[in-house]
Structure formats: structure tokens, C-alpha cells
Amino acid sequence: MLGVDVSLIFRLAALAIIITIFYTFLKQAGRDEYAYMTLLAGLAIALLWVIPVIMELFNAVRAVFQLY
């Protein structure tokens, strides 16, 4: 069975909270450019964490249906 890593969900939630706080703080300070850069950095970090899990899912689906 596919090993589910629940800690990834908690890490993503913590990242979202931190990015939201930074975004709000920077937006209120009038630093819109830095706020958007913070959002993009958070999105990149989240993608780096999620992409290996998605690849593992695709490999599991491929193994189940015996593709290739």
C-alpha cells in the first residue's frame, strides 16, 4: 500500500500560515513587490515538497494498471 506521509500536510499548513502572515505584513507596509515575491517563494517551496509525492502516486498508478 502507498505510504501516506501525514507530516507533509502539516508542513504545508505551517508554510501557508507563515506565508500568509508575511504577505499581510508586507502588504500593510506598502511593500507589494516583496509580498508577491514571498507568495512566489512559498509556492515554489510547496511545489518542491509536493512534486515527489505526486511522482510516487503516478508510479503507484502505473504499477497497479501495469502500464509500460
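Helices, here and below, are DSSP runs of H or I with at least four residues, numbered from the N terminus, and the expected span of a helix is 1.5 Å times one less than its number of residues. The model is a predicted one, in which local features need pLDDT of at least 70 and side-chain atom pairs count only at pLDDT 80 or more, while totals for chains, interfaces and linings use all residues. Residues are numbered from 1 along each chain as its sequence is written, and side-chain values use heavy atoms, with hydrogens and water left out.

**View 1. Helix α1 and its buried residues.** For the 23 residues of α1, a rise of 1.5 Å a residue gives an expected span of 33 Å, and the end C-alpha atoms lie 34 Å apart, which agrees. Within α1, the residues L8, L15, I19 and L26 are buried, a word that stands for under 20% relative accessible area, with exposed meaning over 50% and partly exposed what lies in between (1.4 Å probe, protein chains only). Helix α2 is included in what covers these buried residues of α1, where contact means heavy atoms within 4.5 Å. After α1 comes G30, which has a positive phi near 85°.

**View 2. Helix α2 and its bend.** The 33 residues of α2 should span 48 Å at 1.5 Å a residue, and this agrees with the 47 Å between its end C-alpha atoms. At V50 the helix α2 bends by about 30°, and a proline, P52, follows within four residues; the bend is the angle between axes fitted to the seven residues ending at a residue and the seven starting there. A35, T38, G42 and A46 are buried in α2, and the buried residues of this helix pack against α1.

**View 3. The aromatic pair of Y23 and Y36.** Rings of Phe, Tyr and Trp (its six-membered ring) pair if their centres lie within 6.5 Å, and planes under 30 degrees apart count as stacked, over 60 as edge-to-face and the rest as tilted. By this rule there is one aromatic pair: Y23 and Y36 meet edge-to-face, at 6.1 Å centre to centre and with 65° between the planes. Because Y23 lies in α1 (residues 6-28) and Y36 in α2 (residues 32-64), the pair ties together parts that are 13 residues apart in sequence.

**View 4. The salt bridge of D32 and K27.** One salt bridge (a side-chain nitrogen of Lys or Arg within 4 Å of a carboxyl oxygen of Asp or Glu) is found in the whole structure. It joins D32 and K27, whose closest N and O atoms are 3.7 Å apart.

Key
Helices (H or I, at least four residues) and strands (E, at least two) are DSSP runs, numbered from the N terminus.
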